[in-house]
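Biologist: Please pick out one strand and its partners for a close look. Start with a neighbouring set of strands if that helps, and then place the strand in the whole chain.

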Amino acid sequence: MKSISTIVLAVAYILISNTSTSAQGCVAVRHMSCAAPAGSADYFKQRNGHWQVSAGYRFFRSYKHFVGDVEQKQRVDQGTNVINVSHAIDLGITYMVNQRLSFSVNLPIQYYDRSSLYEHYGNTIAQNPQQKRFDTQSEGIGDLRISGSYWLVNPVKLPKANLAVGMGVKLPTGNYGATDDFHRLTKDGTDYTVNLPVDQSIQLGDGGVGVSLELQGYASITKTLTAYANGFYLFNPRETNGVIRNPTATTIDLVTGSFSVADQFAARIGLSQSIKAVPGLAVMLGGRVEGVPAIDAFGGSSGFRRPGYIVSVEPGLSYMHRKTSIAATVPVAIYRNRIKSYADRLDPLGVKQGDAAFADYLVSVSLSRWF
């Protein structure tokens, strides 16, 4: 039974430590792994000085537009919706000082594709008679994160409940001024292109130095069933990153003319059930919320941003064998809300509110190995 408990607790560790904030549409939440690394069935038996390497892959396709929590179904029906496709690989390495304290470095490598009408010829028939859709892309490394995590109770003792606290620093290593070619039409219908910054949702970084705080915990309910939960908040004090959204414009809006450097948040709660018939295998089911606030905790909140959040049901599987672990989750959206931004709230009539596109689901797969 002790070995089963070890597996259950290790599965909980995988779950709570593989939380990541991931953009799931136009709400620009950066791909970024949390502080603690993925675990394995042997996690609680590791000796001082052991290392872990990990790699994760994440994918989503956003195409459904929301204003508040109301879906703008006509955008899909009319073919004027924006489609964002995101692929990201998260690379990580962790050093365990002891069984309770660890330090990690995580770096995402990203590829984005954004398809739209309005950013090019336009959405209307008058602007875009053939309703042509064009793509912009960005690819490269994202923002590097250095972090530490500490368990309040020594996990080797296999406590029925435990809590870890973590803190990290996010560095602006990702290109926050990535550009691509946008298509335009002359009055006589000739196509030409202009090179401009791509949309904020497919920028590789946000341009700010941030500090993250997180809590992660688990509690054994039975010998094979474990509850897990964690919370993550990234503080981004810098207000804007200086990248002008449209440098060809005749006038630049002082509030929304450049990209905002926004805070981010994520939280998860759920249950993990180990399968006795297949040692090392566990099934998980939980809930997840992630997003961008309209107002930052510190610093100003002006600049262009699409704040909002997404609530998902998150099923998953995890398998551990010796010093290797694999986990896969597929959060499925059940509620999406594009809340009013700081700029929206400055509207004297109180009616202004932008929209944002969200994905239906996110695919996340991670692999880790202890050395």
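**Strands and their partners**

Modeller: Start with a single pair of tyrosines: Y218 has Y228, in β13, as its bridge partner. The model is predicted. Strand β12 covers residues 210–220 and β13 covers 225–235; the two run antiparallel and share 10 bridges. Four residues form the hairpin connection from β12 to β13. β13 also pairs with strand β16, residues 264–274. That pairing is antiparallel too, with 10 bridges. Within it, A227 faces L271 of β16.

Now the strand for the close look: β18. This strand spans residues 308–321. One face is covered and carries G308, I310, S312, E314, G316, S318 and M320. The uncovered face carries Y309, V311, V313, P315, L317, Y319 and H321.

Take the partners of β18 one at a time. Strand β17, residues 281–292, pairs with β18 through 12 bridges, in the antiparallel sense. A282 sits opposite S318 there. Strand β19, residues 324–329, is another antiparallel partner, with six bridges to β18. S318 appears again in this pairing, where its bridge partner in β19 is A327. So S318, on the covered face of β18, is bridged to A282 and to A327.

The connection from β18 to β19 is a hairpin with two residues in between. R322 lies in that turn and has a positive phi of about 55°.

Strand β20, residues 332–337, also runs antiparallel to β18, and five bridges join the two. One of the facing pairs is V311 with Y335 of β20. V311 belongs to the uncovered face of β18.

Next, the charges on β18. E314 is on the covered face. Its side chain meets that of R288 in a salt bridge, at 2.9 Å from N to O. This contact links distant parts of the chain: E314 is in β18, R288 is in β17, and they are 26 residues apart. Both E314 and R288 are buried.

I310 is on the covered face as well. This residue joins the largest nonpolar core, a set of seven residues: C26, F66, I310, A333, A356, A357 and F358. Strand β21, residues 356–370, contributes the most, with three residues. A separate core of five residues includes Y112, A178, I202 and L204.

Other salt bridges lie beyond β18. The search of the whole structure gives 15 of them. D143 and K170 form one, at 4.0 Å from N to O. D143 is in the loop between β7 and β8, whereas K170 is in strand β9, so this pair ties together parts 27 residues apart in sequence. D143 and K170 are both buried. R338 and D344 form another, with their closest N and O atoms 3.0 Å apart. R338 is buried, and so is D344. There is also a salt-bridge network, linking R114, E119, D199 and R306.

On the surface, one nonpolar patch measures about 760 Å². Its residues are W51, V53, I93, Y95, V97, F103, V105, I146 and F371. Strands β3, β5 and β6 each provide at least two of the patch residues. I93 is in β5. Its relative accessibility is 38%, so I93 counts as partly exposed.

Last, the whole chain. The fold has 21 strands and three helices. Of its 371 residues, 53% are buried. Among contacts with a separation of 6 or more, 71% join residues 24 or more positions apart. The E314 and R288 pair, with its 26 residues of separation, is one link across such a distance. The accessible surface comes to about 15500 Å², with 62% of it from carbon and sulfur atoms.

Terms used
Residues are numbered from 1 along each chain as its sequence is written. This is a predicted model: local features need pLDDT of at least 70, side-chain atom pairs count only at pLDDT 80 or more; totals for chains, interfaces and linings use all residues. Side-chain values use heavy atoms; hydrogens and water are left out. Buried means under 20% relative accessible area, exposed over 50%, partly exposed in between (1.4 Å probe, protein chains only). Two strands pair if DSSP finds at least two bridges between them. A nonpolar core is a set of buried Ala, Val, Leu, Ile, Met, Phe, Trp, Tyr and Cys residues joined through side-chain atoms within 4.5 Å. Contact means heavy atoms within 4.5 Å. Accessible areas come from the Shrake-Rupley method with a 1.4 Å probe; for residues, only the protein chains shown count as cover. Patches are made of residues with over 30% relative accessible area and no salt bridge: like charges are joined within 9 Å, nonpolar side chains (Val, Leu, Ile, Met, Phe, Trp, Tyr) within 5 Å.
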